[in-house]
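Please open the model in your viewer and keep the sequence panel visible beside it. The tour below proceeds by selection, one stop after another.

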Amino acid sequence: MKIEPTGVSMRPLIRGGRDMVIVEPMRREPEPGDIVLFLRADGAQVMHRVWKITGETVTTYGDGCWYPDEPINKEKIIGLATKLYRGKAGKSKPEGKPTNLNTKFRRKTGLLWVNAAPLRRTYYRVRNIGHSIKRRLFS
């Protein structure tokens, strides 16, 4: 199934309103680093990365989020994101060659990005303080 994400929780990898993702039914157990489409407790469909697996529960984490989601039961997973078609600003439809999301390399680099969230938070805080000081000194 083709999904056109709308949010920002998977940025920078998936850009809502621009990209298109192919989601296939789960034919295997989820692995850390997989990007899955799941049904949240409030009924919303969410596409996030599998972060941790504990027994029958899965904890997901959006690439653009600061904190992980509440754990869900594996049964809530609808499908696995397998391909990403990049969209360009101003274009009506994504085009070009797809990126395969279902590789060991993509899973490992995705987990590295998600696990770096504390460093990213610190970086943005320091950067914002620097911008604030710059505005005060030069405005």
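The stops that follow cover paired strands, pockets, salt bridges and one contact of a helix.

**Before starting**

This is a predicted model, in which local features need pLDDT of at least 70 and side-chain atom pairs count only at pLDDT 80 or more, while totals for chains, interfaces and linings use all residues. Residues are numbered from 1 along each chain as its sequence is written, and side-chain values use heavy atoms, with hydrogens and water left out.

**Stop 1: strand 3 and strand 4**

Select residues 35-39, which are strand 3, together with residues 45-54, which are strand 4. Helices (H or I, at least four residues) and strands (E, at least two) are DSSP runs, numbered from the N terminus. The two selected strands run antiparallel and are joined by 5 bridges; strands are said to pair if DSSP finds at least two bridges between them. Within this pair, Val36 stands opposite His48 of strand 4. Next, select the 5 residues between the strands of this hairpin, where Gly43 takes a positive phi near 95 degrees.

**Stop 2: strand 5 and its two partners**

Add residues 57-61, strand 5, to the selection. Is this strand mostly covered or mostly uncovered? It is mostly covered, with 4 of its 5 residues buried. Buried here means under 20% relative accessible area, exposed means over 50%, and partly exposed lies in between (1.4 Å probe, protein chains only).

Strand 5 pairs with strand 4 in the antiparallel sense over 5 bridges. To follow the register, display Ile53 with its bridge partner Val58, then Arg49, which stands opposite Tyr61. These two strands form a hairpin with 2 residues between them, and Gly55 in the turn has a positive phi of about 60 degrees.

Now select residues 72-73, strand 6, which pairs with strand 5 in the antiparallel sense over 2 bridges. Val58 appears again here, standing opposite Ile72. While viewing these strands, recall that side chains in a regular strand alternate between the two faces of the sheet.

**Stop 3: the two largest pockets**

Select Pro5, Thr6, Gly7, Gln45 and Met47. The largest pocket holds about 230 Å³ of space, and these residues are the closest to its centre among the 14 that line it. On a 1 Å grid over the protein atoms alone, a pocket is an open set of points where a 1.4 Å probe fits, with protein on both sides within 12 Å along at least five of seven lines; lining residues have an atom within 4 Å of a point. Grid points are joined across faces, edges and corners, and a volume is the space filled by probe spheres set on the points.

Strand 4 gives the most to this lining, with 4 residues. By class, the lining of the largest pocket has 7 nonpolar, 6 polar and 1 charged residues. Ala, Val, Leu, Ile, Met, Phe, Trp, Tyr, Cys and Pro count as nonpolar, Asp, Glu, Lys and Arg as charged, and the others, Gly among them, as polar.

The second largest pocket has a volume of about 150 Å³. Its lining includes Phe38, Leu39, Val46, His48, Ile72 and Asn73. Strand 3, strand 4 and strand 6 are the elements that give two or more residues to this lining. Its residues divide into 6 nonpolar, 2 polar and 4 charged.

**Stop 4: salt bridges**

A salt bridge is a side-chain nitrogen of Lys or Arg within 4 Å of a carboxyl oxygen of Asp or Glu, and by this rule the count comes to 10.

- Select Glu29 and Lys74, whose side chains meet in a salt bridge (2.8 Å, N to O). Glu29 lies in the loop between strand 2 (20-25) and strand 3 and Lys74 in the loop between strand 6 and strand 7 (77-85), so the pair ties together parts that are 45 residues apart in sequence. Lys74 counts as buried, at 18% relative accessibility.
- Select Asp42 and Arg40, which form a salt bridge with closest N and O atoms 3.0 Å apart. Asp42 is exposed at 55%, whereas Arg40 is partly exposed at 41%.
- Select Arg28 and Glu31, whose salt bridge is 3.4 Å, N to O. Extend the selection to Asp34 and Arg107, which are linked with Arg28 and Glu31 in a network of salt bridges.

**Stop 5: helix 2**

Finally, select Pro118 in helix 2 (residues 117-138). Pro118 is partly exposed, with a relative accessible area of 42%. Add Trp66: the C-alpha atoms of Pro118 and Trp66 are separated by 7.6 Å, although the residues are 52 apart along the chain.
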